[in-house]
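Visitor: I would like to look at some charged and polar side chains together with you. Could you show me the molecule and then guide me through it?

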Amino acid sequence: MTAVLFTCAGQRVDIVGAFRDAGATTVAADVNPLAPALYHADAYALVPRVDDDGYVAALRGIVDEHDVRLVVPLTDLDQSTLATRRDELGALLLLPDVDIVEQLSDKYRAHELFEERGVPSPPTWLPTHVPDDVPFPVLVKARVGFGSRHIYRAEHRDQLAFFLDYTPVESLVQVQLQGEEFSIDVFCDLEGRCLNAIPRTMIESKGGESIKGMTIRDERLIELARDTSEKLRLVGPANIQCFREPNGAHYVTDINPRFGGGFPLPLAAGGRYPDLALSLARGERPEPRLGDFREGIVMTRFFSDLSLTRNGDGTLKPFARAE
């Protein structure tokens with residue numbers, strides 16, 4: 001069985017469980033002993049904070065202890081660190097090259113990357129370079145961040161000046177698109193070939209994360225995702241967010257090089273992304289299977305819980321409720 005290490009495991013019980021179902025030995029790491037995903041893995045470890053000098057060394061110790069073959073980051077927090085120091089991990093890291101990771105983490109640099117690689121991106125400016133004839137409404141958006149934090153809509157020039165002064169973070173200004181928003185979950189091999197792309201509607205989201213959606217078979221979106229992921233040479237999972245404007249044009253607004261919050265939907269639709277990841281860890285070269293998924297699968301997410309009790313050594317374990 002292939003051992004997989006999930007970093008910043010947090011609440012991603014869905015991903016850890018899916019890899020277990022695919023036949024992996026799962027090992028979860030997090031700084032927080034109350035991270036639920038720890039207790040759904042075959043083994044877990046508490047590690048230093050991502051910004052601690054000993055973070056990567058701690059992960060390498062886990063890799064050696066459990067004979068880990070694949071490292072899968074589950075949040076944006078440690079992607080740059082791991083991509084920079086991938087040679088120290090001792091296992092395959094499911095991330096693109098560090099320059100792509102770092103550019104995608106900064107939304108203005110991502111916009112520049114998209115334009116450089118021929119990926120359609122909405123008009124975007126730094127605050128000091130907004131043209132006099134900018135078409136309103138526009139969005140003031142944090143350059144670095146997640147969960148739709150620090151996003152403000154400006155209807156006119158005075159509002160734009162107010163929000164640029166109000167926001168506490170470094171920001172950009174972007175034309176607000178008027179069309180329908182989609183998310184596309186892709187998976188690419190180590191050469192940057194897109195193995196599959198599964199578009200889904202955004203029925204409802206909360207805090208920037210999809211909580212309701214439906215898979216759709218839309219050839220234009222599938223091709224947009226394939227073209228985008230291969231132009232950027234993505235590796236492993238990624239979530240591509242885009243809009244289709246009333247005139248039919250598509251614009252990519254954001255790419256997260258990890259499994260998205262809506263991961264259960266492409267999984268239920270038959271994407272088999274954990275199986276593809278395990279194939280890469282075994283040194284295999286799976287062939288692309290674009291369009292191999294079920295359309296019309298609807299996801300609606302809900303809260304769950306996990307009760308823990310203390311072990312004799314002070315660690316925590318799942319609490320078995322009496323019948």
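Guide: Let me begin with a definition: helices (H or I, at least four residues) and strands (E, at least two) are DSSP runs, numbered from the N terminus. This is a predicted model, in which local features need pLDDT of at least 70 and side-chain atom pairs count only at pLDDT 80 or more, while totals for chains, interfaces and linings use all residues. Residues are numbered from 1 along each chain as its sequence is written, and side-chain values use heavy atoms, with hydrogens and water left out.

Visitor: How many salt bridges does the structure hold?

Guide: A salt bridge is counted where a side-chain nitrogen of Lys or Arg lies within 4 Å of a carboxyl oxygen of Asp or Glu. One of them links Arg85 and Glu88, whose closest N and O atoms are 2.9 Å apart. For the structure, the number of salt bridges is 25.

Visitor: In which helix do Glu223 and Arg226 both lie?

Guide: Glu223 and Arg226 form a salt bridge, with 2.6 Å between the closest N and O atoms. The two residues are three residues apart, about one turn of the helix. The helix that holds both, covering residues 219–232, is α7.

Visitor: Is Arg272, which forms a salt bridge with Asp275, buried, partly exposed or exposed?

Guide: Buried means under 20% relative accessible area, exposed means over 50%, and partly exposed lies in between (1.4 Å probe, protein chains only). The partner, Asp275, has 26% relative accessibility and counts as partly exposed. Arg272 has a relative accessible area of 42%, so the class of Arg272 is partly exposed.

Visitor: Which residues are joined into one network by salt bridges that share partners?

Guide: Here the salt bridges share partners, and in this way they join several residues into one network. The residues in that network are Asp189, Glu191, Arg193, Arg285 and Glu287.

Visitor: Which side chain is joined to that of His250 by a polar contact of 2.8 Å?

Guide: His250 is found in strand β15 (residues 250–256), and His250 is buried, with a relative accessible area of 11%. A polar contact is a pair of N or O atoms within 3.5 Å; within protein, one must be able to donate a hydrogen and the other to accept it, and residues adjacent in sequence count only if both atoms are side-chain atoms. One such contact, of 3.3 Å, joins the side chains of His250 and Arg220. The side chain joined to His250 at 2.8 Å is that of Arg244.
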